[in-house]
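Fresh page in the notebook. I opened the model to look at how the chains meet, and then at one helix.

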Amino acid sequence: MSSAAHTSSETSQDLLLSLAGVTKRFGQLVANNAIDLTVHKGEIVALLGENGAGKTTLMNILFGHYVADEGTVTVAGRDGNLEQLEPGAPQAALDAGIGMVHQHFTLAENLTGLDNIVLGTEPIFRLRRDRSSARAKLAELMAGSGLNVDLDQPVHKLTVGEKQRVEILKALYRNARLLVLDEPTAVLTPQEADSLFAILRKLAATGLAVIIIAHKLAEVLAVSHRIAVLRGGAKVGEMKTSDANHKSIAELMVGREVPASRRTARTPGKPVITLADVTIDRGDSRRSLHGVNVTAREGEILGIAGVSGNGQAALAQLIAGLDKPDSGTVEIFGEKVTKFDAHTFAQNGIARIPEDRHHDGMVGSMTVAENIAIEDVRSAEYQKLGFLDFEAIRKRAEHAIADYDVRCPGPDAPARLLSGGNIQKLILARVLEKSPKLILANQPSRGLDVGAQSEVHRRLLEARQGGAAVILISEDLDELLTISDQIAVIHAGHITPAMPTDSIDRSELGLMMAGQKAAPHAPDAPPATTTTNPGETA
Amino acid sequence: MIRFEPRSNPGPLLVYGVPVLAATIAILLAAIPLALAGAPIVEAYGLMISGAFGSVFSTSEMLTRATPLILTGLAAAIAFRAKLWNIGAEGQLYMGAMAAVAVGSGVIDGPSWVMIPVVIIAGMAVGALMLIGPTLLKTRLGVDEVVTTLLLNFIVLLFVQMMLEGALKDPMSMGWPQSEPIIDSAAFPALLERMRVHIGLLIALVSAVALAIFVKRTVWGFEIRAVGENAAAARFSGISVTKTMILVAALSGGLAGLAGVSEVAGTRGYLATDLSPGYGYAGIVVAMLARLSPIGVIASALFVASVFVGADSMSRAIGVSSYLADLIVAMALLCVLIGGFLTRFRVHFDRKSAQG
């Protein structure tokens, strides 16, 4: 760790931000309970915690979006004197040099990077725009930090990693002295994440203070100097990163021992779903597949690795029954599928876990019970002559809430009150309860905390053990390498043959995801599990 | 500084109390234009109340006015629930009325228990078809239904005019562009002797209750709610969004058509181009005031009807423009929208501390 230099210099001179005894209540709920947190110049502090631990509330208080019920936020002025930040005033936080990079970027896609950065800092009424000084300042920032990006490109042409750099530049351009990054690596490839960390370390060396909100432990260990762990609204631990280890932080976050997900050996059975030479052409690569061959077998988890936007959506739509192939065939248990229809698929034992659980996975204003039954309301079990059997729907929900530990006020509560992890549990309860033969899990643990992630993995492994075939589409290499039996890589609508997980090299996988390397045995692969047309993988 | 904090779960007092409070405030605010017009305010309010509730006759008039408003309010409520923005209830109303006249003015005859259902079914079917067309354009081609349904209103009105000058014109009308009258067996019987209020009111009330049960308790209602609240999730779960939309279109257009049937067979007796003073559009206001709740539509239609009837009679008595009624209804809508916002958000006016 490169933290040694900073641990010694933590004098009050360098103190930049101090949160003291911050408490925030929402009715009965104590979102933040007497939290103390300090950040020094040149220090990278990781703020860890499960969903609902109070990270976001704390940052909202820092930014003046919420007013703390108790406690103070103190920021060192540019002259070094500590001053209390005016509560509930976002402008005061900005003026004090606190910058935020949100998980979902706040950039105008049709403007250039430069436009986005200077937006709002220029006077509105001026005939000629003089941006030479802005360019000079940005060139200096880029040179010092390695935040290189072509500022004259419209933002929509930039990669996700480049967009993030624009966001960081935007904050630095506004003279940020403290940068808060919310889940910065959620959208990056491993290589991009590494280069982000290198940049952050450089920036810290120049005196910038950084707070990273995160839940991926490995990354936090790699980049931060100090780690603060929140749980249930309170700070439950704080340590130097050099003293921390993976297991101890995970336990602090969750408050109990986290079972490591582990596959047990299992011989795969017969093929459940076979995609043969499937092509879906929708114009852009995000939604297209080109001559794809995929086979998933009983008792096997097939991981599909890839950087977001390489055709995962098309594959998921197809297996979810929401789209049909332009050419090629899909066979389920050896029978050619002719009717591509979400209802039919769901009723025929295909469990579908959507990528965007808020958008596709639940109807927020409907109750938890209704959301659990939503795929099956037409079945005789839950309706008579078209009238819903609320008793049956409720019973199933109560059962599911208990079995899957869905934390909610009850089956009749609106589903929008649930946290992300609990929504995912609700969806798992909806689809896994029916002992499916095939499970499509599209980014099933994205945005979930450690506890919920391990729960999702446990459930998927359990279903695999029970003989289900699982297609796991994920951008998280750790997840893929931990629970998949086989991994295939998707890039630009092409899918490589599946490779046994145990034979895979992590960095090689990263290169294949970036499209820079073909699968090791692509052209002459035996037609055993998954093959791609020769020439298609290039 | 004013800050807004979302409320996690508004209680029933807030949900039901706010619209009532909003309506009350709107009526009180009417004192301002009344004062500007130089009218005696207390007397004007008295006249408004007695105009709507002062006698059996005035109450009957108010209920007669509320009948089509309940039906068009339901039409808007069910459509808006599914995010199908049906602005064409006015046109559907006229087409429903015309269908009722086409079958109910002597082409066929029979006992009342046959003829009344016949005109109702004809009107509802035509009204439904009027909305199914734009809905198919929306689901298949992505054509904005706000535009198509709105413009259809004008087409329908001109079409009705054309028919009243031609095929449907009553030869006995001495040149007036109006249809032949609805025959007695197809006419909606009055509820009270020598009063205008007719069984259309009962039909409207039953429709509201039936729609409430339908939305809350049936599979189709479940699917409508799911599609309306989150079409993506509904589609993902296997609900056919297109089929659901068409069902909603049939219900909404059918209810608007029924409003036309009720007006022509219950209130007016024949079709003319002044059959509706904008009931189709007012239905949208009624539905919004009711927050799209079918039962709430009954209350808000009664409110809107009493404002209209009361203000009408008051304006005649003291010579203030009857546009005052429109003003009150508009203010009520604004108040309800503001109220709806305040139901969802808590407001803090404080600057420094936020204790309690």
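I started with a salt bridge (a side-chain nitrogen of Lys or Arg within 4 Å of a carboxyl oxygen of Asp or Glu): Arg378(A) and Glu223(B) pair up at 2.7 Å, N to O. The model is predicted, so I noted that local features need pLDDT of at least 70 and side-chain atom pairs 80 or more, while totals for chains, interfaces and linings use all residues. Residues are numbered from 1 along each chain as its sequence is written, chains are lettered from A in the order in which they are written, and side-chain values use heavy atoms, without hydrogens and water.

Next, the whole interface. I counted two salt bridges between chain A and chain B. Contact (heavy atoms within 4.5 Å) involves 36 residues from chain A and 28 residues from chain B. The buried area (accessible area, 1.4 Å probe, lost on putting the two parts together, summed over both) is about 2800 Å², with 60% from carbon and sulfur atoms.

Then helix H6 of chain A, residues 160-173 (helices are DSSP runs of H or I, at least four residues, numbered from the N terminus). Why does a span of 20 Å agree with its 14 residues? The expected span is 1.5 Å times one less than the number of residues, and the end C-alpha atoms of H6(A) are indeed 20 Å apart.

Is H6(A) covered or bare? I found eleven of its 14 residues buried (under 20% relative accessible area, 1.4 Å probe, protein chains only), including Val166(A), Ile168(A) and Leu172(A). Just after H6(A), Asn175(A) has a positive phi of about 60 degrees.

Technical notes:
Helix = DSSP H or I, 4+ residues; strand = E, 2+ residues; numbered from the N terminus. Buried < 20%, exposed > 50% of the residue type's maximum accessible area, 1.4 Å probe, protein only.
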